[in-house]
Amino acid sequence: MRNVLPWREPAPAAGTMGEPLTRGRFGAYGGRYAPESLVEACRQVDEAFREAWADPGFRGALARLLAVHAGRPTPLTPARRLSEALGVELYLKREDLTHTGSHKINNVLGQALLATRMGRRRLIAETGAGQHGVATATAAALLGLEATVFMGERDIERQALNVFRMRMLGAEVVPVTTGSRTLKDATSEAMRHWVGATGDSHYCIGSVVGPDPYPWLVREFQRVIGDEARAQCAAELPAGVPDHVVACVGGGSNAAGTFAGFADTPARLVGVEAEGGAGAARGRLGVLHGSRSLFLQDDDGQIVEAHSVAAGLDYPGVGPEHAHLRDLGRARYVTVTDDEAIAAAVRLARTEGILPALESAHALAWVIRAAGDGELAAGSTVLMTLSGRGDKDVSTLKELL
Amino acid sequence: MTNALTAGAVERHLRARRDTGRGLLMPYVTAGITPGWTDYLRAFAAAGADAIEVGLPFSDPTLDGVTIQQASQAALDRGASTRRILTDLSGLPDLGVPLVVSTYYNLVLHDGPRAFCEALGRAGVAGLIVPDLPVHEADELTDVAAEAGIEPALLASPSTPQERLAEIARHSRGFVYAVSVMGTTGERAALAASAAELTERIRRVTDLPVLLGFGISTPDQAREARRHADGVVVGAAVMRRVLDGAGPDELRSFLMTLRQALDQECDRPR
Ligand SMILES: Cc1ncc(COP(=O)(O)O)c(C=O)c1O
């Protein structure tokens with residue numbers, strides 16, 4: 001399914017992807033739909049984040065951690081052979097080259113530093129693909145915090161490598177056995193756990209979802225992807241700005257961070273969802289996990305389970321800011337199938353020597369399709385965020401190929 | 001603050017009973033859990049309930065512990081839905097106690113808060129509890145609920161600052177739901193220490209009835225809760241029995257032990 005909403009000429013409204021409106025709103029979405037027991041904790045996170053983000057000392061400490069520990073800035077890699085075959089100019093923003101192998105580390109280092117500043121001694125996290133869990137375990141080890149990671153039983157099976165990594169790093173991994181036993185249920189369980197642990201623990205949410213201020217806070221911590229890419233494009237692209245900016249969307253954090261760097265340019269923003277987890281493309285208004293956004297639901301209003309070969313996209317909703325960007329027509333959300341994503345992963349491996357995460361392969365699959373059917377005009381420039389590396393997916397791929 | 005003129009049916013009913021010195025009892029049942037689930041409502045009324053909380057099952061009950069999670073899933077597996085449950089309720093004779101629906105905000109938003117409240121009203125429901133709708137997001141519901149004759153009761157938590165408690169009390173209808181503990185629903189070995197302090201803080205800002213819930217599972221705990229609050233909500237302790245196969249008669253006996261404990265407590269000199 002494509003062209004969910006027709007293109008509108010991007011009119012980069014002032015303020016798009018700036019601070020949310022009052023009450024944490026992105027247009028009609030967002031908000032703080034948290035149980036009363038978490039409202040005070042959310043307020044404290046909000047207050048601490050505002051202070052920290054305005055503090056050059058905090059920004060400097062984070063920038064340094066990102067540089068010396070996570071390996072930033074990440075390169076912008078021209079995908080030469082694939083570009084030639086597709087007839088477009090494709091550039092990859094290489095989040096797969098960060099320490100721990102995905103963009104999740106950007107957000108986690110920010111939140112872990114914030115947690116330390118707030119005097120918390122433990123991080124709570126949910127994880128799907130395990131990348132956010134690994135990043136959380138890593139940041140906790142680095143800063144001397146404890147980490148408890150909730151993970152669906154089904155994901156524990158298919159991302160066994162990451163479970164082992166988390167435990168190696170000293171984190172406690174708690175299997176979640178309810179519901180679909182994937183990211184949605186892990187998130188519910190992490191929130192339940194936080195209710196009883198607000199005094200000493202920070203909930204380190206892994207995407208641009210959850211109650212205010214999380215969708216905004218996580219986007220700001222991921223903005224480094226877009227800011228770096230913007231400068232790299234300015235230096236390396238003849239036009240300075242790419243024609244299209246593409247990223248995969250689970251909850252939407254790598255996409256939000258990437259889009260934030262280009263919201264005020266004429267670049268067309270494309271979020272690529274999994275066919276079976278298309279909250280932005282097919283969701284309906286609802287409230288889950290603390291915010292008002294778009295969620296896959298049945299006719300009775302029950303949340304429907306998502307299905308994707310990529311555990312990180314196996315989520316029935318999308319962050320509230322993406323719902324808003326969709327309504328504005330500023331970004332467009334499309335879907336690709338498991339098979340398309342797997343084929344794209346193999347193709348990138350064979351043409352560029354890069355094995356992408358299956359999540360990231362979704363973004364590439366759309367580029368391949370759109371170049372093939374003329375949606376991407378010949379010769380257009382495309383910036384795609386390669387959100388993570390594929391090591392974690394080799395056992396899944398081994399079974400499927 | 002509401003007064004007797006603007007008070008709705010739930011508030012009037014609970015105030016009247018409280019004024020006789022009675023400790024209030026509001027048992028909970030997950031609607032649709034068994035084919036004849038409304039028989040539990042009759043049993044609750046017969047056991048001396050003062051209001052009954054009817055839970056509309058939701059796929060992702062983020063504030064519930066394992067017992068109510070399991071009950072919700074079991075009800076959904078049986079095909080329970082808001083529409084079917086409200087149909088079941090509208091077929092009931094008057095039980096003499098107000099029905100208070102509880103559910104997550106996603107189900108309220110599904111057809112819109114107005115349509116949802118009107119449907120509740122048609123089914124004979126008088127009150128509403130939405131645990132993931134805190135006071136600062138509640139306008140959208142409270143405005144239309146009043147027009148439909150539904151009283152939305154808001155939750156207060158041990159972590160709620162005093163100023164915010166006043167705000168909650170101002171917007172709450174029917175009663176104030178005091179969450180006894182920083183945790184999810186579920187049986188607990190003892191009443192949390194935070195319960196007494198919270199109830200006392202709520203009393204400073206309102207004279208609405210205050211019901212204490214989350215973790216109250218035994219007669220002793222009910223008795224202790226009654227020392228601080230006007231009454232108790234009992235959910236997981238009921239639903240664990242239902243999940244274990246207990247029928248309406250067994251639940252009636254169980255609730256009568258709580259009823260007696262509450263009555264004994266109010267006979268004591270206070
Ligand atoms: C490599 C990778 N990409 C993308 C995602 C999806 O998350 P988001 O949409 O928040 O970027 C994940 C989530 O686990 C991931 O591990």
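This is a short walk through a predicted model, stop by stop, with something to select at each one.

**Stop 1: the annotated lysine in chain A**

Start by selecting K104(A). UniProt, in an unreviewed entry, places the feature "modified residue: N6-(pyridoxal phosphate)lysine" here. Colour by secondary structure and you'll find K104(A) in helix α4, which covers residues 104–117 of chain A. Is K104(A) buried or exposed? It counts as buried, because its relative accessibility is 17% and the cut-off for buried is under 20%.

Now show what surrounds this lysine. Setting aside neighbours within four places in sequence, K104(A) is in contact with Q131(A), H132(A), A135(A), G206(A), S207(A), Q222(A) and S253(A).

**Stop 2: a salt bridge between a strand and a helix**

Stay in chain A and select K93(A) together with E228(A). Their side chains form a salt bridge, with N and O 2.7 Å apart. K93(A) belongs to strand β4 (residues 89–94) and E228(A) to helix α9 (residues 214–236), so this pair ties together parts of chain A that are 135 residues apart in sequence. Switch on a surface and check both ends: K93(A) is buried, at a relative accessible area of 0%, and E228(A) is buried too, at 15%.

For another pair in this chain, pick K184(A) and D185(A). Their side chains meet in a salt bridge at 3.8 Å, N to O, and both residues are buried.

**Stop 3: out to the surface of chain A**

Next, select F164(A), M168(A) and L169(A) with the surface still on. These residues make up a nonpolar patch on the surface, and together they have about 330 Å² of accessible area. Zoom in on M168(A), which sits in helix α7 (residues 160–168) of chain A. M168(A) counts as exposed, because its relative accessibility is 62%.

Then go to L328(A), in helix α12 (residues 320–328) of chain A. With 39% relative accessibility, L328(A) counts as partly exposed. Add T16(A) to the selection and draw a line between the C-alpha atoms: the distance is 9.6 Å in space, although L328(A) and T16(A) are 312 residues apart in sequence.

**Stop 4: where chains A and B meet**

Give the chains separate colours and turn to the interface. How many residues of chain A are in contact with chain B? There are 34 on the chain A side, in contact with 37 residues of chain B. The size of an interface is often given as the accessible area lost when the parts come together. Here the area buried between chain A and chain B is about 2,800 Å², and carbon and sulfur atoms give 48% of it. In chain A, select E36(A), R192(A) and Q302(A): these lose the most area to chain B, together 25% of what that side buries.

There are 5 salt bridges between chain A and chain B. To see a salt bridge across the chains, select R23(A) and E137(B), whose closest N and O atoms are 3.4 Å apart. Over all chains, the whole structure has 50 salt bridges.

**Stop 5: the annotated active site in chain B**

Move across to chain B and select E53(B) and D64(B). An unreviewed UniProt entry gives both the annotation "active site".

E53(B) is in strand β2 (residues 52–55) of chain B, and it counts as buried at 6% relative accessibility. Beyond neighbours within four places in sequence, its contacts include M26(B), Y28(B), S102(B) and Y177(B).

D64(B) lies in the loop between β2 and α3 of chain B. At 10% relative accessibility, D64(B) counts as buried. Leaving out neighbours within four places in sequence, D64(B) is in contact with R192(A), Q69(B), Y104(B), T184(B) and T185(B). You've met R192(A) already, among the chain A residues that lose the most area to chain B.

**Stop 6: a network of charges**

Finish with R259(B) and D263(B). Their side chains form a salt bridge at 2.9 Å, N to O. Both lie in helix α12 (residues 248–267) of chain B, 4 residues apart, about one turn of the helix. R259(B) counts as buried at 6% relative accessibility, whereas D263(B) is partly exposed at 27%. Now add R17(B), R22(B) and D50(B): salt bridges with shared partners join these residues, R259(B) and D263(B) into one network.

Key
Residues are numbered from 1 along each chain as its sequence is written. Chains are lettered from A and ligands numbered from 1 in the order in which they are written. This is a predicted model: local features need pLDDT of at least 70, side-chain atom pairs count only at pLDDT 80 or more; totals for chains, interfaces and linings use all residues. Side-chain values use heavy atoms; hydrogens and water are left out. UniProt positions are given in the numbering used here, feature names are shortened, and annotations may be inferred rather than shown by experiment. Helices (H or I, at least four residues) and strands (E, at least two) are DSSP runs, numbered from the N terminus. Buried means under 20% relative accessible area, exposed over 50%, partly exposed in between (1.4 Å probe, protein chains only). Contact means heavy atoms within 4.5 Å. Patches are made of residues with over 30% relative accessible area and no salt bridge: like charges are joined within 9 Å, nonpolar side chains (Val, Leu, Ile, Met, Phe, Trp, Tyr) within 5 Å. Accessible areas come from the Shrake-Rupley method with a 1.4 Å probe; for residues, only the protein chains shown count as cover. A salt bridge is a side-chain nitrogen of Lys or Arg within 4 Å of a carboxyl oxygen of Asp or Glu. Buried area is the accessible area (1.4 Å probe) that two parts lose on being put together, summed over both.
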